[in-house]
Structures are given as structure tokens and as C-alpha cells.
Amino acid sequence: MKEAEQAVADEIVFAVQDISQPQAAASMTLADWMLIWQSEYLTAVKESTAYLYRRDIELYIIPLLGDYKLTEISPMLVQSFYNRLLNAGDDRTKPLAPKTVRCIHGVLHEAMNQAVANGELEKNPTESCKLPKVIKKEIQPLEDYQVTEFLDAVEGHVHEYLYKIALFTGLRQGELLGLTWDCIDFSKGTLTVKQQVRKAQSKGGEYYFSSTKSSRSRTLSIAPSVLRLFRYQKQKQTYMAAKAGDSWLDQKLVFTNATGGILSYRTVYDCFKRIVRQMGLPQMRFHDLRHSYAVISIKSGDDIKTIQSNLGHSSAAFTLDVYGHCTEEMKKASANRMESYMKVVMNQ
């Protein structure tokens, strides 16, 4: 494995040396450029993102387009490449989902932009391509009666407080697993989200801490009942630490495994899926707890800006796009408010 990695590194070095020579620039292939781009310019993104970019380059872009000269990459060629991935794949791949093709486009588009900036190309050939439409999956928030059922189902479960806090704060799974006790201010009733737990994408990858998805921290004011859940979790953890004794790893994490280490994504998810299957909701995902929190907040009358801030979305427009739909209950409530108003003004 180390020999293969060294071979790739040597190939990148040779490619960089080659294009430094004027006579070699005109013959540079797309494969040459993609290797250079990922080595020299793919440095400002998170490691998990860089891994996904490299995967798309290695699995799709280089195998299907790599032999073409960089200057031969035309809009028509790129469009055919996307269509091939979307409709039939090739001998090595199955047809890809529209979202995956758009992700591959994002990688190629950025690389071509840099080629234009470097003077290797006059125009980005990906600019005029038509991309497949991604049909958004409908969110599946819990109805009010299902919230009660869910709370009953997790009562006494080893991850009871994690699931309840997820439902009533809207934190992402990685944010919950990366939460430390110093981020909870019991006197002010606030919760600060400043990091998340990620798992390296490579085979056998380990867990590590990184910044939040937006790379910014955020502070939520949380309900007294949520603070009470955190206190219960603290009591439970004190018992766990005493039981583990010298084996306890004091990483100050709120949610841990039996010895104080990072709690596995898979463990949390598998337990969650068993619970919702027993409830008759087999399609529900852990992330739907976050959706449920957002819908509960909207139904409770929270303004969209507050909800956006609590969820850590980049903008209120994005929050509206995801949660701007109305439930039947909300529609009826709106009609009732209009009825009350009309009665007032029409009786004057």
C-alpha cells in the first residue's frame, strides 16, 4: 500500500516538473492536470471533503476523460461524460444518481476554473453543461403523537438522553458526539456547538474532531427540561466512570462509550434504527430527529431566523427552502386566525 502511495506521489512530482517546461504545457492531459490540481490546490478544504474529491477524480474523471489533452476538453465532451455516468455508467460503474453526477461536476468545474486562472485554458468547458435535476427526498418529521411514542420507546435505553436531546435541540449526530461538558452553561441555560466528530473516509478510518459543518460555532438557548436531561446524563456518566475505573478516558465528552471514548456513529445509528422499526417507521433516519425539531419549532411559533441560528444553517433562505412547507394543522390554524380577524373588522 505504501509503495502504491509513493508511486502516486512520484507521478504528481513528475507531472509538476513536466508542465514547468513550456514545451510540455501544450501536451498536458486532463489526468496530468487533475493530479496537479489535487496536489497543489486542494489544500483549503476539510480532509473529508478532499477525500471525496480525490475519489471522484480516481473513479470517474481520470478513467473516462484522463487521456484527453487538457485543451481538448470541450463542453460537448463533458456533457457526454455526465450523460454516460447518469444513464449507463461504464464497464466499471453502475449508473450514478443525479446528486452524485452533480458532485463530480463540482470537482471538475473547480479544477477547470483553476486551469483558466492559470492561463492553461481560455474558458471553463463545464460552464455550459446541463446538469441532472436532483429530486429532494421528503423530510419525515415526527408527528406530535409519534414524538410521544418515540419518547416512550427510548425510555431506559442506553442512549436515551442522546436521542431525547437530539430531538429537542436539533443538533446533528456528529455535533452531539463531539459535545463536551464545557459547552453547556447550566447557569445561563445555553449550549454552544463548536465541533463535531467525523470518521476518516478511508478504509479502517478513525474518528477525529473537526469544526462544525459551517466552520462556525453557535450558541443555543435551551429549554429547562433539556438542561435537566443533561444533568441526568452527567449523573449516568459519573456512574459509568466509577464502573470503568482506571480504564476511563476523561475526554470531557457528554456522550461516550463505556470507557469514556468517542461513541461510534454506527452504534448510535443501529440502535436508533431498531427503535424506529419497532415503532413502525423503518424509513426514518437519525437526521429526521433534526427535521422534527425544526418543524416543532415552527409549529411553536419560533421565527425563522431563530430556527436558522439554532440549526446552524448558512442562511434563513436555506431554512425556509427546507422547512417552508406547512402541515395541515398549520394551514387550519392560519385559516382560523384569518376568520378571527375578519369577524373583528366586519363587525365594526
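Author: Contact here means heavy atoms within 4.5 Å. Among contacts in the protein chain between residues at least 6 apart in sequence, 58% join residues at least 24 apart. The model is a predicted one.

Reader: How many helices and strands does the protein chain have?

Author: There are 15 helices and five strands. Of the 348 residues in the protein chain, 40% are buried.

Reader: Which residues touch the most other members of the largest nonpolar core?

Author: Phe150, Leu162, Tyr163, Phe230, Phe286 and Leu289 do, in a core of 41 residues. Two or more residues each come from α7 (144-154), α8 (160-169), α9 (173-177), β2 (190-193), α10 (224-244) and α11 (265-278).

Reader: Which element gives the largest share of this core?

Author: Helix α8, with six residues.

Reader: What does phenylalanine 286 touch?

Author: Leaving aside residues up to four places away in sequence, Phe286 touches Leu162, Tyr163, Ala166, Gln173, Leu176, Val268, Tyr269 and Phe272. Phe286 also belongs to an aromatic cluster with Phe150, Tyr163 and Phe272.

Reader: What about the second core, which residues does it include?

Author: That core is separate and has 31 residues, among them Met34, Ile73, Leu121 and Cys129.

Reader: Is cysteine 129 buried or exposed?

Author: Cysteine 129 is at 12% relative accessibility, and buried means under 20%, so it counts as buried. Cysteine 271 is buried as well, at 10%.

Reader: And how many disulfides turn up in the whole structure?

Author: Zero, from a search of the whole structure.

Reader: Switching to the sheet. What is the strand order?

Author: The order is β1-β2-β5, an open sheet of three strands with antiparallel pairing.

Reader: Which strands stand at the edges?

Author: β1 (184-185) and β5 (218-221) do. Each has a single partner strand, so one side of each is left without a neighbour in the sheet.

Reader: How many bridges do β2 and β5 pair over?

Author: Four, in the antiparallel sense. Valine 193 has arginine 218 of β5 as its bridge partner, and threonine 192 has threonine 219.

Reader: Where do the side chains along β5 point?

Author: They alternate. Arg218 and Leu220 point to one face and are buried, whereas Thr219 and Ser221 point to the other and are not buried.

Reader: New topic, helix α4. Where does it bend?

Author: At isoleucine 57, by about 40°, in a helix that covers residues 47-65.

Reader: Which residues of α4 are buried?

Author: Ser48, Ala50, Tyr53, Asp56, Ile57, Tyr60, Ile61, Leu64 and Leu65. Isoleucine 57 is thus both the site of the bend and one of the buried residues.

Reader: What do the buried residues of α4 pack against?

Author: Three helices and two strands are on that list: α3 (30-40), α5 (75-87), α6 (98-117), β3 (196-199) and β4 (207-210).

Reader: Last one, aromatics. How many aromatic pairs are there?

Author: The count comes to 10 aromatic pairs. Tryptophan 33 and tyrosine 41 form a tilted one, at 6.1 Å centre to centre with 45° between the planes.

Reader: Is tryptophan 33 buried or exposed?

Author: Tryptophan 33 is buried, with a relative accessible area of 1%. Tyrosine 41 is at 35% relative accessibility and counts as partly exposed.

Conventions: Residues are numbered from 1 along each chain as its sequence is written. This is a predicted model: local features need pLDDT of at least 70, side-chain atom pairs count only at pLDDT 80 or more; totals for chains, interfaces and linings use all residues. Side-chain values use heavy atoms; hydrogens and water are left out. A disulfide is a pair of cysteine sulfur atoms within 2.5 Å. Buried means under 20% relative accessible area, exposed over 50%, partly exposed in between (1.4 Å probe, protein chains only). A nonpolar core is a set of buried Ala, Val, Leu, Ile, Met, Phe, Trp, Tyr and Cys residues joined through side-chain atoms within 4.5 Å. Two strands pair if DSSP finds at least two bridges between them. Rings of Phe, Tyr and Trp (its six-membered ring) pair if their centres lie within 6.5 Å; planes under 30 degrees apart count as stacked, over 60 as edge-to-face and the rest as tilted. The bend at a residue is the angle between axes fitted to the seven residues ending there and the seven starting there.
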